[in-house]
Amino acid sequence: MIELHDVKGTRSFGCFKNFKSCKSTLQLLKDKGELRESRNTVTVCSFKNNVLQRAYNVRFLRDKWRPLPPIA
């Protein structure tokens, strides 16, 4: 399961089975302009058996949602 948040972590956009299933929601948020202040970026939290496995940011670049490199 994955959960989508804004970059600040103050707003949840929902839970989804996998990243592919949330792309329509991401596109809708982008089209409505709700992601403009964060430059079309959201935080994705991936869970397995209710345990956080990974958290990363994705940004809409060149017509595709792409993961951002981790901050060192």
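A residue is termed buried when its relative accessible area is under 20%, exposed when this is over 50%, and partly exposed in between (1.4 Å probe, protein chains only). The structure described here is a predicted model, in which local features need pLDDT of at least 70 and side-chain atom pairs count only at pLDDT 80 or more, while totals for chains, interfaces and linings use all residues. Residues are numbered from 1 along each chain as its sequence is written, and side-chain values use heavy atoms, with hydrogens and water left out.

Helices (H or I, at least four residues) and strands (E, at least two) are taken as DSSP runs numbered from the N terminus, and two strands are considered paired if DSSP finds at least two bridges between them. On this basis, five strands form an open sheet in the order 2-1-3-4-5, with antiparallel pairing. The edges are occupied by strand 2 (12–16) and strand 5 (64–67), each of which has a single partner strand, so one side of each is left without a neighbour in the sheet. Neighbouring strands are turned against each other by 30° on average, direction ignored; axes are lines fitted to C-alpha atoms, for helices over the stretch in contact, and angles run from 0 to 180 degrees between N-to-C directions.

At one edge, strand 1 and strand 2 run antiparallel and are joined by four bridges. Phe-16 in strand 2 is the bridge partner of Ile-2. The two strands form a hairpin with five residues between them, and Gly-9 in the turn has a positive phi of about 80°. At the other edge, strand 4 (residues 51–61) is joined to strand 5 by four bridges, again in antiparallel fashion, and Arg-59 has Arg-66 of strand 5 as its bridge partner.

Helix 1 (residues 19–32) lies across strand 1 (2–6), strand 2, strand 3 (41–48), strand 4 and strand 5, and runs at about 155° to strand 2. Leu-29 belongs to this helix and counts as buried, because its relative accessibility is 8%. With contact defined as heavy atoms within 4.5 Å, Leu-29 is in contact with Phe-13, Glu-34 and Leu-35, leaving aside neighbours within four places in sequence. The C-alpha atoms of Leu-29 and Asn-40 are 8.9 Å apart, the two residues being eleven residues apart in sequence.

Charged side chains were examined next. Lys and Arg count as positive and Asp and Glu as negative, whereas His and the chain ends are not counted. A salt bridge is a side-chain nitrogen of Lys or Arg within 4 Å of a carboxyl oxygen of Asp or Glu, and the count comes to three salt bridges by this rule. Lys-8 and Glu-37 form one of them, at 3.6 Å from N to O. This pair links distant parts of the chain, with Lys-8 in the loop between strand 1 and strand 2 and Glu-37 in the loop between helix 1 and strand 3, 29 residues apart. Both Lys-8 and Glu-37 are exposed.

Arg-11 and Glu-34 also meet in a salt bridge, at 2.7 Å from N to O. Here too distant parts of the chain are linked: Arg-11 lies in the loop between strand 1 and strand 2, Glu-34 in the loop between helix 1 and strand 3, 23 residues apart. Arg-11 is partly exposed, with a relative accessible area of 40%, and Glu-34 is likewise partly exposed at 30% relative accessibility. A further salt bridge is formed by Lys-30 and Asp-31 at 3.9 Å, N to O; Asp-31 is exposed, with a relative accessible area of 53%.

Two acidic residues of strand 1, Glu-3 and Asp-6, present another arrangement. Asp-6 is buried yet has no salt bridge, the nearest side chain of opposite charge being Lys-8, 6.3 Å away. A polar contact is a pair of N or O atoms within 3.5 Å; within protein, one must be able to donate a hydrogen and the other to accept it, and residues adjacent in sequence count only if both atoms are side-chain atoms. The side chain of Asp-6 reaches the backbone nitrogen of Gly-9 at 2.9 Å, and a polar atom of this side chain lies 2.8 Å from the backbone nitrogen of Thr-10. Beyond four places in sequence, Asp-6 touches Arg-11, Phe-13 and Thr-43.

Glu-3 is also buried without a salt bridge, and the nearest side chain of opposite charge, Arg-11, is 12 Å away. The side chain of Glu-3 makes a polar contact with the side chain of His-5 at 3.3 Å. Not counting residues up to four places away in sequence, residues touched by Glu-3 include Ser-12, Gly-14, Cys-15, Thr-43 and Phe-47.
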